[in-house]
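Work through the following exercises with the predicted model in view. Each task is followed by a solution in steps.

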Amino acid sequence: MDIRIYPGKLKGTVKAPPSKSVAHRALICASLAEGRSVIRGISGSRDMDATIGCMRALGADIRREEGDIAVVEGIGPGSGIFHPEEEKMAQKTATLDCIESGSTLRFLLPVAAALGAEVSFEGRGKLPERPMTPLADEMKKKGVEFLPEGRDRLPFSIRGRLHPGVFEIPGNVSSQYISGLLFALPLLKGSSEIRVKGRLESAGYVALTLQMIRDFGVEIEENEAGFLIAGDQRYLARDVGVESDYSQAAFWLTAAACGSDLSVTGLREDSSQGDREAVDILRRFGAAVERDGTDITVRKNGPLRPVDVDGGDIPDIIPILSVAAACAEGTSIFSDVSRLRIKECDRLSAMADCLGRLGAAVKESRDTLTVTGAAGGTLKGGCEVSGYNDHRIVMSMAIAALSCEEPVLIRGAEAVAKSYPDFFREFRRLGGRADVVTDR
């Protein structure tokens, strides 16, 4: 699907969608528990489909009910599927199709190994190219065999029970490795330790994992080196409400900072989501920000000014923040962003290409993105850009097109279905013009 976006302003109030990051975690914890959990706030995105499908393959009964509710019957002790209290667990084989969800793959790889299941992992798009080696290497040391011949890029299979012990994980590659181990290690017979080597980036995502695990009754101790995890723990069934997503809200908040008249609702001020930093960064750009409980209103307050941003903890919102930089008067630098090169696409190159086509001056290095805004804060447009099969690139370009002089054609706009399938419906409801084009 290709969509042509016309310049203009959005106006109104939009509720931020449920947090994909929180929902992944709630589904996994509920699936590992014994008994019934009810989760409110499960979106219909492809990433959610991936995690639900994989947990079903491992034996969880997950039913989607009206609206955004999921009812989960877990596979904990008493379920008859896995029996952690026995020395030898029931053997189970499964195929886990992670679709294009890196979170699903990295979270469930150690979980499946902790359960003793023999599992084949599949995926598509760019997911087979995304690295797994640091996590796989530690798992291989702890009794897990990767097939064929040690392969740790999709597709591959694992067999063998994960053994407890000390797991050393670099902190600057993917926080999802650590989250996956945090889900899995409490299920083992003995105690384990996760030692984080170097600075832990995207620490907010690990905080979300810890919060959810603890909500389901599992205890994990933090120390200076990392985490201490007692074995033989059990997840307890819970009813959970998934909070709204700051990373998705950032698209609407940035549109407002660039001139639209929008309020975004449902955003907890006490959230553990690292991407809540988007609000403060937009304020640094010069936007006026008002909060009333969980409602945030952002307004353009004169020309946007350039900022420097350390993206180490907030990689997912760098694409949309670079749109704000393209509409600012001056040069902004986003540093420590090399991990954006191993997302659904190389997001640094993609944003450099797309924003350059729109009229901004953009330079990229291995781990920085430098954006010099267009004169007067108005981009040229009048071109087409690729969505790079990446939901965040497509949505960023849709917001950028609002600040252009001429319309922008986005190729492959269907990529939004990965995380925010209602994005363009909301875009139109708020007054944006987005016309589907079939000229191929």
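**Exercise 1.** State how many bridges join S2 to strand S15, and find the bridge partner of Thr-13.

Solution. Step one: take S15, which covers residues 261-265, and follow its direction beside S2; the two strands run parallel. Step two: count the bridges between S2 and S15, which gives five. Step three: locate Thr-13 and look across into S15, where its bridge partner is Ser-263.

**Exercise 2.** Give the strand order of the open sheet of four strands, and explain why one side of S2 and of S16 is left without a neighbour in the sheet.

Solution. Step one: read the order across the sheet, which is S2-S15-S17-S16, with mixed pairing. Step two: look at the edges, where strand S2 (11-15) and strand S16 (288-292) stand; each has a single partner strand, so one side of each has no neighbour in the sheet. Step three: consider the twist; ignoring direction, neighbouring strands of this sheet are turned by 15° against each other on average.

**Exercise 3.** Determine whether S7 pairs with S6 and with S9 in the parallel or the antiparallel sense.

Solution. Step one: recall that strands of a sheet pair through backbone hydrogen bonds, either parallel or antiparallel. Step two: compare S7 (residues 118-122) with S6 (residues 93-97); they pair in the parallel sense over five bridges. Thr-95 stands opposite Ser-120 in this pairing. Step three: turn to S9 (residues 156-159), which pairs with S7 in the antiparallel sense over three bridges. Here Ser-120 stands opposite Ser-157. Step four: trace the chain through S6, helix H3 (residues 102-115) and S7, which make a right-handed β-α-β unit. Step five: sort the residues of S7 by face; Val-119 and Phe-121 form the covered face, while Glu-118, Ser-120 and Glu-122 form the uncovered one.

**Exercise 4.** Classify the packing of helices H9 and H11 by the angle between them.

Solution. Step one: find H9 (residues 318-326) and H11 (residues 391-401); their axes are 9 Å apart and the angle is about 20°. Step two: apply the cut-off; angles under 35 degrees count as roughly parallel, so H9 is roughly parallel to H11. Step three: list the contact residues, which are Pro-319, Ile-320 and Val-323 of H9 and Arg-392, Ser-396, Ile-399 and Ala-400 of H11. Step four: note the handedness, since H9 passes H11 in a right-handed crossing.

**Exercise 5.** Decide how Ile-333 counts by its relative accessibility.

Solution. Step one: place Ile-333 in strand S19 (residues 331-335). Step two: use its relative accessibility of 35%, which means that Ile-333 counts as partly exposed.

Note on methods
Residues are numbered from 1 along each chain as its sequence is written. This is a predicted model: local features need pLDDT of at least 70, side-chain atom pairs count only at pLDDT 80 or more; totals for chains, interfaces and linings use all residues. Side-chain values use heavy atoms; hydrogens and water are left out. Buried means under 20% relative accessible area, exposed over 50%, partly exposed in between (1.4 Å probe, protein chains only). Two strands pair if DSSP finds at least two bridges between them. A crossover is right-handed if, with the strands pointing away from the viewer, the path from the first strand over the helix to the second runs clockwise. Axes are lines fitted to C-alpha atoms, for helices over the stretch in contact, and angles run from 0 to 180 degrees between N-to-C directions. Angles under 35 degrees count as roughly parallel, over 145 as roughly antiparallel, 65 to 115 as roughly perpendicular and the rest as oblique. A crossing is left-handed if the near helix is turned anticlockwise from the far one by less than a right angle, and right-handed if clockwise. Contact means heavy atoms within 4.5 Å.
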